[in-house]
Amino acid sequence: QVQLVESGGGSVQAGDSLRLSCAASGRPFHSYAMGWFRQAPGKDREFVAAINWNGGKTYYPESVRGRFTISRDHAKNTVYLQMDSLEPEDTAVYYCAADFPGTLEISRLTTSSEYDYWGQGTQVSVSS
């Protein structure tokens, strides 16, 4: 089992930055890939970012590429999502997820069904 706890959400204005954190526990941190998804009211869950097991590969959709950065700290068993130049369209509940074992090609980590464990989510609200 893997337990994931997100933090760092909040209410900001357009153009501001936020950094989300996801603390993982349960299995060795290097044994799974990680991803971030978001879900706005009335919309499907959307892929935001993914990082492979050792942090050497990352992947983003066009909607956030250049604004969001995913990273992981193996000493702290934590994955981060740095979000810059936030837009009102980024308003959503953000979830981190773990894919165990982290052996999938990173391009497959855009699909929520590939992940085995999920956090409870953290709200991000961006006002114009």
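## Notebook: rings, cores and strand pairing

I began with charges over rings, and noted that R72 lies over the face of F29, at 4.3 Å from the ring centre. The model I am reading is a predicted one, and I keep that in mind for every entry below. I then looked up R45, which lies over the face of W118 with 4.8 Å to the ring centre.

**Aromatic pairs.** I found six aromatic pairs in the structure. The one I examined is that of F37 and F47, which is edge-to-face because the planes stand at 65°, with the ring centres 5.7 Å apart. This pair links distant parts of the chain, since F37 belongs to strand β4 (residues 33-39) and F47 to strand β5 (residues 46-51), ten residues apart. I checked both for exposure: F37 is buried at a relative accessible area of 1%, and F47 also counts as buried, at 9% relative accessibility. Following the ring pairs further, I saw that they link F37, F47, Y59, Y115 and W118 into a cluster; W118 is the residue whose ring face R45 lies over.

**R38.** I next turned to another arginine, R38, which lies in strand β4. Is R38 buried or exposed? I noted a relative accessibility of 6% for R38, which counts as buried. Its side chain makes a polar contact with the side chain of D90 at 2.8 Å, and the side chain of R38 also makes one with that of Y94, at 2.9 Å. Setting aside residues up to four places away in sequence, I listed what R38 touches, including D44, R45, E46, V48, S63, F68 and E89, as well as D90 and Y94.

**A14.** I looked up A14 in the loop between β2 (10-13) and β3 (18-25), where this residue counts as partly exposed at 38% relative accessibility. The C-alpha atoms of A14 and D90 are separated by 9.4 Å, although the two residues are 76 apart along the chain. Apart from its neighbours within four places in sequence, I recorded A14 in contact with L86, P88, V126, S127 and S128.

**Strand β1 and the cores.** In strand β1 (residues 3-7) I separated a covered face, formed by L4 and E6, from an uncovered one with Q3, V5 and S7. I found β1 paired with β3 in the antiparallel sense over five bridges, with A23 of β3 as the bridge partner of V5. L4, from the covered face of β1, came up again when I looked at the largest nonpolar core, which has 30 residues: L4, W36, L81, M83 and Y94 touch the most other members. The elements giving two or more residues to this core are β3, β4, β5, β7 (68-73), β8 (78-83), β9 (92-99) and β11 (122-127). Beyond its neighbours within four places in sequence, L4 is in contact with residues including C22, M34, C96, Y117 and W118. I also noted a second, separate core of eight residues, among them A33, F37, F47 and I106, so named here with the two rings of the edge-to-face pair.

**Strands β4, β5 and β6.** I checked β5 for exposure and found five of its six residues buried, leaving the strand mostly covered. β5 pairs with β4 in the antiparallel sense over five bridges, and W36 stands opposite A49 in β5. The hairpin of β4 and β5 has six residues between the strands, and there I recorded a positive phi near 80° for G42. On to strand β6 (residues 58-59): β5 pairs with β6 in the antiparallel sense over two bridges, and A50 stands opposite Y59. The hairpin of β5 and β6 likewise has six residues between the strands, with G55 taking a positive phi near 80°.

**Strand β9.** Which strand is largely enclosed by the rest of the structure, and why? I noted that it is β9, because seven of its eight residues are buried. I then went through the partners of β9. Seven bridges join β9 to β4, the two running antiparallel, and M34 stands opposite A98 in β9. With β11 I recorded an antiparallel pairing over three bridges, in which A92 stands opposite V124. Strand β10 (residues 117-118) is joined to β9 by two bridges, also antiparallel, and Y117 in β10 is the bridge partner of A98.

Methods
Residues are numbered from 1 along each chain as its sequence is written. This is a predicted model: local features need pLDDT of at least 70, side-chain atom pairs count only at pLDDT 80 or more; totals for chains, interfaces and linings use all residues. Side-chain values use heavy atoms; hydrogens and water are left out. Rings of Phe, Tyr and Trp (its six-membered ring) pair if their centres lie within 6.5 Å; planes under 30 degrees apart count as stacked, over 60 as edge-to-face and the rest as tilted. Helices (H or I, at least four residues) and strands (E, at least two) are DSSP runs, numbered from the N terminus. Buried means under 20% relative accessible area, exposed over 50%, partly exposed in between (1.4 Å probe, protein chains only). A charge sits over a ring if NZ of Lys or CZ of Arg is within 6 Å of the ring centre and within 35 degrees of the ring normal. A polar contact is a pair of N or O atoms within 3.5 Å; within protein, one must be able to donate a hydrogen and the other to accept it, and residues adjacent in sequence count only if both atoms are side-chain atoms. Contact means heavy atoms within 4.5 Å. Two strands pair if DSSP finds at least two bridges between them. A nonpolar core is a set of buried Ala, Val, Leu, Ile, Met, Phe, Trp, Tyr and Cys residues joined through side-chain atoms within 4.5 Å.
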